[in-house]
Amino acid sequence: MSGPAPLTTNPALPKGLPGLDPAWSRRLTVADATGAKHEWHVLDNGVREPVGTLVCVHGNPTWSYLWRRLLAAAPPGWRVIAPDHLGMGFSARLTAPRSLAERVADLGDLTAALGVTGPVVTVGHDWGGILSLGWALAHRDQLRGVVLTNTAVAMPEGDTGPALIRAADLPGVRGAVTVGTPLFVRATTALSWPPLPAGVRNAFAAPYRGAGRRGSVGDFVADIPFAPGHPSRPDQEAIAEGIRDLDVPALLMWGPRDPVFGERYLTDLRSRLPHAEVHRFEGASHLLPEDAPRYAAAVAQFVADLDAPPVPALPRPAVPADRRPWSALTERADDDSPAVVTVGGNTVGGGTVSWAALHHRVEALAAGLRAAGVQPGHRVALLVEPSADLTASVYAVWRAGGAIVVVDRGLGVAGMRRALRGASVDAVIGTARGLAAARAMGLPGLRIAAGRLPATARRALGVDHDLTELERLGRATGPVPDESTATDDRAVLFTSGATGPAKGVVYTQAQVVAQIALVREAYGLTADDRFVAAFAPFAILGPALGIASAVPDIDVTAPGTLTAPALADAVAAVDATVVFAAPAALRRVVATAAELTDAQRGALGRVRLVMSAGAPVPSSLLRALRDVLPAAEAHTPYGMTEALPVTDVSLAGIEAAEQEAGGLPDGVCVGRPLPGVEVRVSPLDATGAAVGPLGTAPGVTGEVCVRGAHVKDRYDALWITERLSSRDAGWHRTGDAGHLDADGRLWIEGRLPHVVTTAAGPVTPVGVEQRVEQLPEVAAAAAVGIGPAGTQALVVVVVPAGRDARRPALQLADDELTEAVRERAAVRVAAVLTARRLPVDIRHQSKVDRAEVARQAARLLAGSRTGLRRPGA
């Protein structure tokens, strides 16, 4: 062919297809390898002399309409073409089925006819994934990148293919559901939740009205090579193996709710394209381009990054090369004094374990894990309550070269399932309860029981080994060599999900070692200290810090269950000098102080340091703690799952800062950065977005950004999130809003998603809440925005002082309280509501769930609930 084939407009395309520009629709006739000519329908954004081309390949039973958002969001200078496969969409119907190899060849004939010469980025979905990869392998000289969404190129070992597709391929079924009726077509667009708009569902079905137009829908299903003898199986296997050496950038975007291509297919793709970036769009199902519209901007950014000059990464502060997370265990291998003590009900795996016993158990378990199949780089989910078993398991996984995966039980089975399946775990260590949850969640991999289980329970839970068996196995095989490196992944820790879906945060060995060193240095911890961990993230750090630790009788997923007597018993068990507890736990300790015996008071009186983090800690609570822990200096380190600790402040420091603020603070003072940690602020614009350059100017509100050797390595399988959080080289954007004062102290003003964007500019919530809570008639307050971004109304919801079970859950405040709140808030307040209580987050039971407060307030103010009348009206 001497040049590109002529394109004609497509007058037959139905009018009014939502989001589709008719100007993109083209037709052209292309000859295949046999000389037969076929009319194709193509969507083409029409860029002439492009800098590159995106070739977008749909699956079955969709059509090029799937890619309309990507045509609209095309990177500058890039051509986007999205063809309808022959027999599909609005391309010509076929008289015979076409095989995988023929489809790949067809795609090559089409791109040649369209004059595509490269660079090309292929984009594929569903069956279009393997077709696009087949094209990529045949056109390596033109290939610049690969993008895939919810697809498969091979069936993982032991897999028989997607159940829904296999069902559609059953004898006597395929013809009826794929061709004879529109069931298969309509079912595909029914997989999304919430449901797609009716106009969009109808647009996807538009090319397939009538059995005569659905023949290729059935042929595509028939061409899936489920069995080794299938004619297309060799070509499928060749493509699956061929992509292993594709050396171009790749992006995998996934809808984790897909009932067709489940997690195992993403895992398989990642094994074949290990260099690929991955982003999981939580809530998205099979039709990811429909369920996650922002995918188009992500692809555009991926393409823009291809030729962007690399940003030199700022070097991280160095950490000692000879230190390991388990180094303290090795150093105290002959010490028979207590290392870990579990108190009360937390006695899984033994109540007291010495340093020597813990060291030898960890060494044996590590060797046993290796012998059982846990290899360096494997991820092991820990579904064990804080206990001696949990502590030994953590250090054994590390010692074996693996990474622990930790998620809050408070997320519930659905939240835990989403998190753990997304983390691609290779093994699970759990109690009977934890293993039952793993089974319910459908987690893959090895099953290891913490504690002895009856044979029937082992069979029911699919247990492969228990910890005792692994210890014996490890002692027989001998210790594993230490082959660890600073860059090895050591932990995937999930955030609480308080401000969105829980995110997996990856820490390398260097970052774990740096965090241990920072905590030890910042708080002057020595081998003479003993530690009570009443806060889940710190329940396993004692051995790494080289200090004895105790876990109190508490449900770590419910910090408010800690009582003063339970804390005192844990302190007494190791003669503790340091306590770490969440704010909700300390509140409960203060409330139950009257239950302490004289002996328990004496034990608490010997504590020198108490730390609390995870949520803002009011100075009033720290002052109240003086009666319970009279000798303890109270500190509140600030940080998050991604970086803890960042700053620190004592009660005396908080009181001094609040006094300097004149009693009207604008945020919570969390102190100065710890040694080796840097803090900057990226100023907010009028819309509440953090767009300004990083700086330290006092009084400028913006997004808090941190840097340090212990800051997380990356978010797991969240490429977009990671890119946004680390767009300033070497810095992590925390998502918290705050400012630095003239003395270099950091003040936190709330989360960025909770900033109220009023017509007068952004308003951060914490300062408003603090000022309102100074009113004697107010026990708690939440400041939220109602309405469209940029013109939001500021609404303050307060919990009046004094419990009153008869008070309506939510109602308008009376005139007197409204006036008092408006005066105290020092900003314009549109409405004041009263509530019986404020919803809080799962993990800390302290952070107010402002998103839920805003939803409830919006419903009431819109009049969708009763109780709009003022009390007494």
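A polar contact is a pair of N or O atoms within 3.5 Å. The exercises below use this cut-off on a predicted model.

**Exercise 1. The start and end of helix 22**

Task: Find which side-chain oxygen approaches the backbone nitrogen of Ala-566 at the start of helix 22, and state what the phi of the residue following the helix is.

Solution:
1. Helix 22 covers residues 564-574.
2. At its start, a side-chain oxygen of Thr-563 comes to within 3.2 Å of the backbone nitrogen of Ala-566.
3. Asp-575 follows helix 22 and has a positive phi, near 55°.

**Exercise 2. The surroundings of helix 22**

Task: Decide whether helix 22 is largely enclosed or largely open, and identify what covers its buried residues.

Solution:
1. A residue is buried when its relative accessible area is under 20%.
2. In helix 22 the buried residues are Ala-564, Pro-565, Ala-566, Leu-567, Ala-568, Ala-570, Val-571 and Val-574.
3. Eight of the 11 residues are buried, so helix 22 is largely enclosed by the rest of the structure.
4. The cover over these buried residues includes strands 10 (338-342), 19 (530-534), 20 (548-551) and 21 (578-581), as well as helices 23 (583-591) and 24 (598-604).

**Exercise 3. The packing of helix 3 on helix 9**

Task: Classify the arrangement of helix 3 and helix 9 as roughly parallel, roughly perpendicular, roughly antiparallel or oblique, then describe their contact.

Solution:
1. Helix 3 (residues 127-138) and helix 9 (residues 233-242) pack at about 70°, and their axes are 10 Å apart.
2. Angles of 65 to 115 degrees count as roughly perpendicular.
3. Helix 3 and helix 9 are therefore roughly perpendicular to each other.
4. The crossing of helix 3 past helix 9 is left-handed.
5. From helix 3, Ile-130, Leu-133, Gly-134 and Leu-137 take part, meeting Gln-236, Ala-238, Ile-239 and Gly-242 of helix 9.
6. Sorted by class, this contact has five nonpolar, three polar and no charged residues.
7. An α-helix has 3.6 residues a turn, so residues three or four places apart point the same way.

**Exercise 4. Two strand residues**

Task: For His-635 and Lys-37, determine whether each is buried or exposed, and list the contacts.

Solution:
1. His-635 lies in strand 23 (residues 633-635) and is buried, with a relative accessible area of 13%.
2. Its side chain makes polar contacts with the side chains of Glu-633 at 3.4 Å and Asp-648 at 2.5 Å.
3. Not counting residues up to four places away in sequence, His-635 touches Tyr-523, Leu-609, Val-610, Met-611, Ser-612, Asp-648, Val-649 and Ser-650.
4. Lys-37 lies in strand 3 (residues 37-44) and counts as exposed at 65% relative accessibility.
5. Leaving aside neighbours within four places in sequence, Lys-37 contacts Thr-29, Val-30 and Ala-31.

Conventions. Residues numbered from 1 in each chain as written. Predicted model: local features only at pLDDT ≥ 70, side-chain atom pairs only at ≥ 80, totals over all residues. Heavy atoms only, no water. Axes fitted to C-alpha atoms, helices over the stretch in contact; angles between N-to-C directions. Helix = DSSP H or I, 4+ residues; strand = E, 2+ residues; numbered from the N terminus. Parallel < 35°, antiparallel > 145°, perpendicular 65-115°, else oblique. Left-handed = near helix turned anticlockwise from the far one by under 90°. Contact = heavy atoms within 4.5 Å. Nonpolar A, V, L, I, M, F, W, Y, C, P; charged D, E, K, R; others polar. Buried < 20%, exposed > 50% of the residue type's maximum accessible area, 1.4 Å probe, protein only. Polar contact = N/O pair within 3.5 Å; in protein donor to acceptor, adjacent residues only side chain to side chain.
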